[in-house]
Number of protein chains: 2
Amino acid sequence: MNEEKDMADARAILAGYRASIDNIDAALIHMLAERFRCTKAVGVLKAEHGLPPADPAREQQQIARLRQLANDAHLDPDFAEKFLNFVIREVIRHHEQIAAANGVTKTG
Amino acid sequence: MNEEKDMADARAILAGYRASIDNIDAALIHMLAERFRCTKAVGVLKAEHGLPPADPAREQQQIARLRQLANDAHLDPDFAEKFLNFVIREVIRHHEQIAAANGVTKTG
């Protein structure tokens, strides 16, 4: 009986964590949606003004900053860097679509 | 001269978008740090109670929910699903570490 109660308690605690995870995921999705709104606007701006799609110096600054933020928040900095690269790959895909739609060739 | 002003304006607008992106990235890193705090606690709970590390039914619910949230926020639902899978891969890595530290064998 104690074992059954123990398991029921564990399942209740698990349900609580899952409610938190679901709330956090909704926040993450909405922050990502807003981030892509910004980067799509950046893509249009760059395409309109012939600015190069990639900016390696900016990316290096972003990586260093996110690694520091991750470290301070006890998140694995390597994971933070992988996450940023994952997002940037999607951004580049969007920018190539925008540039193609504007008839701009890649300037590297 | 107009062209120079036009380019200076474009760079000022770009700097504004980048300030927004940097704020959003800080929010994302902190939400991810909190999400992993929750999933690590879930990993400990599951290891202590011999609950299976993976829960395919829960994962299917999470994917369907995030795809819907993404759709409502005008974010590509395929990207949202890829993002969840990217995060879950890291969660599984943590859970395996926790289970190994607790001397629990994988129950699948």
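**Contacts within and between chains A and B**

In this predicted model, A:Arg35 reaches residues of both chains. Beyond its neighbours within four places in sequence, A:Arg35 is in contact with A:Gln62, A:Leu84, A:Val87 and A:Val91 of chain A, and with B:Ile21, B:Ile24, B:Asp25 and B:Leu28 of chain B. A:Arg35 belongs to helix 1 of chain A, which spans residues 2–49. Its relative accessibility is 2%. That value is under 20%, so A:Arg35 counts as buried. One of its partners, B:Asp25, is also a polar one. The side chains of A:Arg35 and B:Asp25 make a polar contact at 2.6 Å.

A:Leu32 lies in the helix that holds A:Arg35, helix 1 of chain A. A:Leu32 is buried, at 0% relative accessibility. Neighbours within four places in sequence aside, A:Leu32 touches two residues of chain A, A:Phe83 and A:Val87. Across the chain boundary, A:Leu32 is in contact with B:Leu28, B:Leu75, B:Phe79 and B:Phe83. A:Ala100 stands apart from these contacts in the description. A:Leu32 and A:Ala100 are 68 residues apart in sequence, and their C-alpha atoms are 23 Å apart in space.

The contact between A:Leu32 and A:Phe83 is also listed from the side of A:Phe83. With neighbours within four places in sequence left aside, A:Phe83 is in contact with A:Leu32 in chain A. In chain B, A:Phe83 meets B:Leu28, B:Leu32, B:Phe83 and B:Phe86. Residue 83 of chain A therefore contacts residue 83 of chain B.

These residues lead to the nonpolar core. In soluble globular proteins, nonpolar side chains tend to be buried together. The largest nonpolar core here has 54 residues. Those that touch the most other members are A:Leu32, A:Leu75 and A:Phe83, along with B:Leu32, B:Leu75 and B:Phe83. Six helices each supply at least two residues of this core. In chain A they are helix 1, helix 2 (56–72) and helix 3 (77–101). In chain B they are helix 1 (2–49), helix 2 (56–72) and helix 3 (77–101).

Cysteine pairing was also examined. The count of disulfides over all chains is 0. A:Cys38 is buried, with a relative accessible area of 6%. B:Cys38 is buried as well, and its relative accessible area is 6%.

The interface was then described as a whole. The size of an interface is often given as the accessible area lost when the parts come together. Chain B and chain A bury about 5,100 Å² between them. Carbon and sulfur atoms account for 76% of that area. In all, 50 residues of chain B are in contact with 50 residues of chain A. The two chains share 9 residue pairs in polar contact, counting pairs with both residues at pLDDT 80 or more. Helix 1, helix 2 and helix 3 of chain B each supply at least two residues of the side that touches chain A. Helix 1 of chain B gives the most, with 31 residues.

Charged pairs form a further set of links. Side chains of opposite charge can pair when their charged atoms come close. Salt bridges number 20 over all chains. Between chain B and chain A, the count is 10. One of the salt bridges joins the side chains of A:Asp22 and B:Arg58, at 3.3 Å from N to O. This pair crosses between chains, from helix 1 of chain A to helix 2 of chain B. B:Arg58 has a relative accessible area of 12% and is buried. Another salt bridge joins A:Arg58 and B:Asp22, at 3.2 Å from N to O. A:Arg58 lies in helix 2 of chain A and B:Asp22 in helix 1 of chain B, so the pair joins two chains. A:Arg58 is buried, with a relative accessible area of 11%. B:Asp22 counts as buried too, at 19% relative accessibility.

A further salt bridge lies within chain B. B:Glu81 pairs with B:Arg67, the closest N and O atoms being 2.7 Å apart. The pair links distant parts of the chain, with B:Glu81 in helix 3 and B:Arg67 in helix 2, 14 residues apart. B:Glu81 counts as partly exposed, at 25% relative accessibility. B:Arg67 is likewise partly exposed, with a relative accessible area of 28%. Finally, salt bridges link A:Asp76, A:Lys82, B:Glu90 and B:Arg93 in a network.

Conventions. Residues are numbered from 1 along each chain as its sequence is written. Chains are lettered from A and ligands numbered from 1 in the order in which they are written. This is a predicted model: local features need pLDDT of at least 70, side-chain atom pairs count only at pLDDT 80 or more; totals for chains, interfaces and linings use all residues. Side-chain values use heavy atoms; hydrogens and water are left out. Helices (H or I, at least four residues) and strands (E, at least two) are DSSP runs, numbered from the N terminus. Buried means under 20% relative accessible area, exposed over 50%, partly exposed in between (1.4 Å probe, protein chains only). A polar contact is a pair of N or O atoms within 3.5 Å; within protein, one must be able to donate a hydrogen and the other to accept it, and residues adjacent in sequence count only if both atoms are side-chain atoms. Contact means heavy atoms within 4.5 Å. A nonpolar core is a set of buried Ala, Val, Leu, Ile, Met, Phe, Trp, Tyr and Cys residues joined through side-chain atoms within 4.5 Å. A disulfide is a pair of cysteine sulfur atoms within 2.5 Å. Buried area is the accessible area (1.4 Å probe) that two parts lose on being put together, summed over both. A salt bridge is a side-chain nitrogen of Lys or Arg within 4 Å of a carboxyl oxygen of Asp or Glu.
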